[in-house]
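Here are some comments for a colleague who is beginning to read structures. Please keep the sequence and the model open side by side while going through the points below.

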Amino acid sequence: EDYIGMQGLLDFFTEAEERLTAIQEKYKEMELGFRALCKYLGEEGETAEPQQLFGTLTHFVGSLRSAKTKVEDKIERRERAKKREHERQKRVSMKSPLASSNRPTAAASGGS
């Protein structure tokens, strides 16, 4: 029984050690990626904190989305205004021929 228990502990230890090694490798890879991102963004890679960098990026993305929405809204308002103006001009031009055909002419009103 002691041998079975020891073998179980040995198996657990071996698997835990393998998992720990894999985690350490992934952490090093993540750290290198973070340092490369800092360098790309012009930040001090050795002293930059992930919370600070990603907080700044999150704020930037939020501001960018907000600006994009404002620009899209402005474009949409302009397009609606153009469409309204076009419709207004269309109505005016449709009324114009009717109004001129209903006016009495100089000959019909007995004028010279």
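1. With which residue does Arg-19 form a salt bridge? The partner is Glu-15, and the closest N and O atoms of the two side chains are 3.0 Å apart. Please keep in mind from the start that this is a predicted model, and that the contact between Arg-19 and Glu-15 counts as a salt bridge because its nitrogen and oxygen lie within 4 Å.

2. The position of this pair along the chain deserves a look, since Arg-19 and Glu-15 are 4 residues apart in helix H1, which covers residues 2-41, and are therefore separated by about one helical turn. Arg-19 is exposed, with a relative accessible area of 55%, whereas Glu-15, at 42%, counts as partly exposed.

3. As for the overall make-up, the protein contains 2 helices and 0 strands. Of its 112 residues, 4% count as buried, and the protein exposes about 10600 Å², of which carbon and sulfur atoms supply 59%.

4. A search of the whole structure finds 4 salt bridges, and one of them joins Arg-80 to Glu-76, with the closest N and O atoms 2.8 Å apart. These two residues belong to helix H2, which covers residues 50-102, and because they are 4 residues apart there, about one helical turn separates them. Arg-80 is partly exposed at 40% relative accessibility, and Glu-76 is also partly exposed, with a relative accessible area of 42%.

5. How many residues apart in helix H2 are Glu-85 and Arg-88? They are 3 residues apart, and this spacing too corresponds to a separation of about one helical turn. The two residues form a salt bridge whose closest N and O atoms are 2.7 Å apart. Glu-85 has a relative accessible area of 33% and is partly exposed, while Arg-88 is partly exposed with a value of 39%.

6. Turning to charge on the surface, a negative patch is formed by Glu-31, Glu-43, Glu-44 and Glu-46. Among these residues, Glu-44 can be found in the loop between H1 and H2. With a relative accessible area of 59%, Glu-44 counts as exposed, because the cut-off for that class is over 50%.

7. A patch of positive charge on the surface gathers Lys-74, Arg-77, Arg-78 and Lys-82. To locate this patch in the model, one may begin with Lys-82, which lies in helix H2. Is Lys-82 buried or exposed? Its relative accessible area is 64%, and Lys-82 is exposed.

8. The surface also carries a nonpolar patch of about 360 Å², made by Leu-10, Phe-12 and Phe-13. Within this group, Phe-12 has its place in helix H1, and at 60% relative accessibility Phe-12 counts as exposed. When checking this point, please compare the patch with the pair in the first point: helix H1 holds Phe-12, and helix H1 also holds Arg-19 and Glu-15.

Methods. Residues numbered from 1 in each chain as written. Predicted model: local features only at pLDDT ≥ 70, side-chain atom pairs only at ≥ 80, totals over all residues. Heavy atoms only, no water. Buried < 20%, exposed > 50% of the residue type's maximum accessible area, 1.4 Å probe, protein only. Patch = residues over 30% accessible without salt bridge, like charges linked within 9 Å, V, L, I, M, F, W, Y side chains within 5 Å. Areas by Shrake-Rupley, 256 points an atom, 1.4 Å probe, with all protein chains shown as cover. Lys, Arg positive; Asp, Glu negative; His and termini not counted. Charge placed at Lys NZ, Arg CZ, Asp CG, Glu CD.
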